[in-house]
There are 4 protein chains.
Amino acid sequence: MKQINIALLGMGRIGKIHFKNIEQHFSGAKIIAVADPQLSKNFFEKQYSHIFFSTDPNEVMAQPDVDAILICTPTSTHADLIEKAIANRKNIFCEKPMDLSLERTAALSEMAEEAGVKLMLGFNRRFDPDFMEARKSVKEGKIGDVQIVKITSRDPGLPPIDYIKNSGGLFMDMAIHDFDMARYIMGKEVTEVFAKGLAVIDKAVADAGDIDTALTTLIFEDGTYAVIDNSRKAAYGYDQRLEIFGNGGMIQVDNNLHNKNILYNESGIHHALPLDFFMDRYAKSYMKEMELFIDALINNKEMPVGGHDGLQATMIAFAAKLSVEENRPVKLSEINVTIKQLA
Amino acid sequence: MKQINIALLGMGRIGKIHFKNIEQHFSGAKIIAVADPQLSKNFFEKQYSHIFFSTDPNEVMAQPDVDAILICTPTSTHADLIEKAIANRKNIFCEKPMDLSLERTAALSEMAEEAGVKLMLGFNRRFDPDFMEARKSVKEGKIGDVQIVKITSRDPGLPPIDYIKNSGGLFMDMAIHDFDMARYIMGKEVTEVFAKGLAVIDKAVADAGDIDTALTTLIFEDGTYAVIDNSRKAAYGYDQRLEIFGNGGMIQVDNNLHNKNILYNESGIHHALPLDFFMDRYAKSYMKEMELFIDALINNKEMPVGGHDGLQATMIAFAAKLSVEENRPVKLSEINVTIKQLA
Amino acid sequence: MKQINIALLGMGRIGKIHFKNIEQHFSGAKIIAVADPQLSKNFFEKQYSHIFFSTDPNEVMAQPDVDAILICTPTSTHADLIEKAIANRKNIFCEKPMDLSLERTAALSEMAEEAGVKLMLGFNRRFDPDFMEARKSVKEGKIGDVQIVKITSRDPGLPPIDYIKNSGGLFMDMAIHDFDMARYIMGKEVTEVFAKGLAVIDKAVADAGDIDTALTTLIFEDGTYAVIDNSRKAAYGYDQRLEIFGNGGMIQVDNNLHNKNILYNESGIHHALPLDFFMDRYAKSYMKEMELFIDALINNKEMPVGGHDGLQATMIAFAAKLSVEENRPVKLSEINVTIKQLA
Amino acid sequence: MKQINIALLGMGRIGKIHFKNIEQHFSGAKIIAVADPQLSKNFFEKQYSHIFFSTDPNEVMAQPDVDAILICTPTSTHADLIEKAIANRKNIFCEKPMDLSLERTAALSEMAEEAGVKLMLGFNRRFDPDFMEARKSVKEGKIGDVQIVKITSRDPGLPPIDYIKNSGGLFMDMAIHDFDMARYIMGKEVTEVFAKGLAVIDKAVADAGDIDTALTTLIFEDGTYAVIDNSRKAAYGYDQRLEIFGNGGMIQVDNNLHNKNILYNESGIHHALPLDFFMDRYAKSYMKEMELFIDALINNKEMPVGGHDGLQATMIAFAAKLSVEENRPVKLSEINVTIKQLA
């Protein structure tokens, strides 16, 4: 069996997850090079003497035996790195989003396809076992024709305001995962968006020009819809739930809790809180997405989530933002026109 | 203690519930007269010799010792009967809605107030013990400031198409309960509505000019919102759930199931279905609303839900319908203008 | 349809429940006489002028048009009243137990049968809708052949020590319901008992010669078994659960909670506590048992739970007590021998 | 930090789990030698060239740089291997039980202690995160003084009859885990055992002289108790639950299900089945026990579960067997006497 040689760019929070997962769990892939401008070469190579290290991603990407690039660097660097990887004809796994701008997202998606380079985007939640099971049930017709998808997606706390300022806003940074999830579950394209947004958690969010709370209605091509409820801060922690209603029934996916223990005492019957945040909640989905990325490379399969998906989710995020600003439903075709005008 | 003498108009499905509840459970009130054009006087009086009966509501309403009128007749007769009850200076309990037209609803509400006649509307779900508990928790600040209310309200099956044709449409007939619930939980007024509607259950519904599936976003005066998801037919039965999210936490009210039994077998872990329909699901709320109506009469209290509430819910229903038709958010002030123009 | 005329003896806590249920819910039966030595004739007749009242049960029982006697007086009076009712050829509903002594229980059971008087015992839990549903599922074979029944039965608090002293002990007073439940679910007879008992809640219980905590294993005629876990005091309230395991699956019956609301906050996910005590928890079963008693009288059916059941449950209670005292499994045949010797 | 060198004996189902866990997750430990009489040296060394391999455990155990031995071979070989490991002064992790005979179990436990060799037994369920959390809550006093522990432990299917014949019987082979769990949760010693056993799943089990279903009551030194309900075959799969009741409340640990998805359809509300069997259900506990074993070696701590625990659980198993045979409660002191007589 072919062995996939991987170069990992960015050893931050998410980079470390992929690093560890590949090192420990996939015999079909090996990390042979790492780049991170923040790390010391000496320090890294002392720990991992078998891995080539550089602070410069270009140097790592140029290694001839590298088959695939994992882009886990800050969002602002994604587009350039994707371009370079395409130029080097390396396959790519990139954390979402490809870029904060619409036209560049569209261009990158097209570029990768034309170059015949495989591109997978880190919409990891698709690979959560519970959500995969839900999608599988939908495909198998267990609830008939889907009429509505409801997503609850709340973070456990506000990120730092500086983070928010550079995040592209709640829709691009946070809700984009849910937009992708709605498309994934439905297996259809979104055509129209209506969104309401509020800054009710912290005034500083409004001052930064963003919102911290949103309600988004997505209309699909056949008129059915999804509704997504986002908050940057749930007092009880990370809330990630899904409900799918069809003419044959309903599927609910509830939160993953810290444990299965139930405490009964004088004040009530108490369950544990949901898992803290995405690192814990989606630990299995990070593993699974890497497994599928490597599998697609080894067996020359189509990537399970690619540039088209990234572009669609980004377009929805732009439409949602515009909808809040103008208080009206926004068609995705309007956004498409924008892209073409920009291009 | 004063005894309240009640005249009941209409011994249909809902009239019978109130009749039985008053006869069996409230020592402070007595049904002394009943009118129903469909029943035989002989037949009725054989069973209930102590109750005056007539096929003509006017005759019943004119009885001098009647303190309060319960209007449980078809919707099309409500407005006239309310007017007559006001003219006779009787207090009124009327099943929702007061009328299908906006201007008459507004007029009746005003008329009752000016006449000093007490008027309670049958938004019985407010008096469901679980929802009352939820409202109580919100008022006590258990989840802090409420940011979003989510209501799931699905019927177990499509009513006959003839019923639909005379129902005023999904928003007036079905969702109006949920509009009232959202206002009740929030304790605030709605200012804007955005709704999407579909006819996906049966083509006959579309042919009748109605929808069978809807998603409604309500915007409250302070910018917070509610989202209501309606379907005329859930394969698994009557689905009535509520979720309230605030900056201090969340309250969920789940369905009431047929029983607490759980069956484990080779194919899974199985719970019973929700209670069949409103007669079962809201049995306790019908009792409670009558208790509160009688209590308000005996102790001269304000009615827990009155003409203003009926008018607001009706205005929301009109706004929702307009929103679907014009695919845009509709302000309640637009509807208000309409009323004034009509008046 | 025949109308059943009922005389009710004892208007205490449980007597009032039956009184109210019959008055409000059963058109086929009427309470025509009441006896209670603690009540004033004047006071009672002012409220219920249509009901004959006496402080002397004999007087009430002698009324010729009385069809059935409801015995809701203290346990110590049950046996004499049953005997008198039999002598008067009245059908009998008696709260459990018939008597604290084994031989008299046996004698009464036999006496009623010989006299052809119908006798129903107030093992009301059999008529709880959830437990009835569980029994129905077992009978329908939904979990195959039952191998073990597990009952959790915990009270919300210790009764007064004076009550305990006259109660016949935990097994006779409290666990007897569970012994009957195990027999009911299994549809088989118990042949052997092993029990462990503790007084760990309050030393005063031990001083009164009783236990407050017990674990009882019942062996059925075919070798399968039930295990019952009793406590006089659960910090979280009244705990009434059932689990039935068969070769085809398992049925669980969970507690009935105060409401369906779930509160999520920083400290966890919180459900309401179970319903407070038997008056609330078994409200429906009191109704159902009376419905079935009246139905058996009207339609001349066999009583759903009778003298034989009372005797069996009492024998199990005696065996359990002996088992704790002698720390050994006790066969019911040993208890049977005792009865015969006593007789 | 010290690196622990491990020799693994037996690469069967359980050996492979430990092998993989150590290779992938623990930087502080390394497997440097493996013995398995069933494997080919060539085959093994092709895959793992850095690990010494032999079909003879003695050869592996004699390696001077081996710090600890993992015994994952068939039960019948455990005792000899433990003795040899002690002779070689290697620390030991041994899958339960140490031996099927009581006296040898006692002797081995003593031998290890005298030799100052660390010995950990594979009672892995203690290290399940949910059960650890439950034990932690008990220790923290969250439910006050514990009065009863209830364990439900059912396998998904009967093992082959040949396995049963050499298993030592249900109590030694299966329930021993639950006996250890009860001691772990309680933090106290068992003094008396009463058990009932049945062969109701397959007649072949009875023919093999074993039972397939059991109910065991354990009495602790202070009179409180545990009850354990075992079955070799639950139709719905692997059932592993725990309930702990104290004077301050109750803790329940429910099953781990395949997923969090809930399907609502016409026939009910359906949850997924429990995880298939111990390999899945206790995946995390195998990891955690190895982590704690390695940690105890590196930091010279006491083993979290050792020879004393193995001996106690074995004595309980013997007492349970005797109790079934003689239908009486059996004191552990009787078993102790037996050991001393045998010794």
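Start by selecting chain A and chain B together: in this predicted model, 40 residues of chain A are in contact with 40 residues of chain B. Between them the two chains bury about 2,900 Å², and carbon and sulfur atoms account for 63% of that. Now pick out L215(A), Y225(A) and F245(A). That trio supplies 19% of the area that chain A buries against chain B, more than any other three residues.

**The strands behind the A/B contact**

Keep the interface up and color the salt bridges; you should find eight between chain A and chain B. One to zoom in on joins the side chains of E243(B) and R154(A), at 3.2 Å from N to O. For polar contacts, the count across this interface is 16 residue pairs, both partners at pLDDT 80 or more.

Next, switch to cartoon and highlight the elements of chain A that each give two or more residues to the side touching chain B: β7 (146–154), β8 (190–198), β9 (213–220), β10 (225–231), β11 (239–246) and β12 (249–253). Strand β7(A) has the largest share, at six residues. If you color that side of chain A by residue class, you get 17 nonpolar, 12 polar and 11 charged residues.

**The axis**

Zoom out so chain A and chain B are both in view. A rotation of 180 degrees, with 0.0 Å of shift along its axis, puts chain A on chain B with an RMSD of 0.0 Å. That is how a two-fold axis relates two copies. To find the axis from chain A, select R328(A): its C-alpha is the nearest one in chain A, 2.9 Å from the axis. The interface residues match up as well: 100% of those in chain A are also interface residues in chain B, so the copies meet through the same surface.

**A salt-bridge network**

Now select K150(A), E243(A), R154(B), D229(B), D239(B) and R241(B) in one go; salt bridges link these residues into a network. Zoom in on R154(B) and D239(B), whose side chains meet in a salt bridge at 3.3 Å, N to O. R154(B) sits in strand β7 (residues 146–154) of chain B and D239(B) in strand β11 (residues 239–246) of chain B, so this pair ties together parts 85 residues apart in sequence. Are the two partners buried or exposed? R154(B) is buried, with a relative accessible area of 0%, and D239(B) is buried too, at 0% relative accessibility.

For another setting, jump to E326(B) and R328(B). They form a salt bridge with their closest N and O atoms 2.7 Å apart. Here E326(B) is partly exposed, at 42% relative accessibility, and R328(B) is also partly exposed, with a relative accessible area of 26%. Want the whole set on screen? The structure holds 116 salt bridges over all chains.

**A stop inside chain B**

Select N124(B), in the loop between β6 (119–121) and α6 (129–139) of chain B. N124(B) is buried, with a relative accessible area of 3%. What does N124(B) touch, leaving out residues up to four places away in sequence? Show H177(B), Y282(B), S285(B), Y286(B) and E289(B) as sticks and you have its contacts.

**Over to chains C and D**

Hide chain A and chain B, and bring up chain C and chain D. Their contact takes 40 residues from chain D and 40 residues from chain C. The area buried between chain D and chain C is about 2,900 Å², with 63% from carbon and sulfur atoms. L215(D), Y225(D) and F245(D) supply 19% of what chain D buries against chain C, more than any other three residues.

There are eight salt bridges between chain D and chain C. One of them joins the side chains of E192(C) and K196(D), at 3.1 Å from N to O. Another has D229(D) paired with K150(C), their closest N and O atoms being 2.8 Å apart. This pair crosses between chains, from strand β10 of chain D to strand β7 (residues 146–154) of chain C. D229(D) is buried, at 2% relative accessibility, and K150(C) is buried as well, with a relative accessible area of 10%.

Finish by coloring the polar contacts here: the count between chain D and chain C is 16 residue pairs, both residues at pLDDT 80 or more.

Notes
Residues numbered from 1 in each chain as written. Chains lettered and ligands numbered in written order. Predicted model: local features only at pLDDT ≥ 70, side-chain atom pairs only at ≥ 80, totals over all residues. Heavy atoms only, no water. Contact = heavy atoms within 4.5 Å. Buried area = accessible area lost by both parts, 1.4 Å probe. Salt bridge = Lys/Arg side-chain N within 4 Å of Asp/Glu carboxyl O. Polar contact = N/O pair within 3.5 Å; in protein donor to acceptor, adjacent residues only side chain to side chain. Least-squares fit on C-alpha atoms with pLDDT ≥ 70 in both. Helix = DSSP H or I, 4+ residues; strand = E, 2+ residues; numbered from the N terminus. Buried < 20%, exposed > 50% of the residue type's maximum accessible area, 1.4 Å probe, protein only. Nonpolar A, V, L, I, M, F, W, Y, C, P; charged D, E, K, R; others polar.
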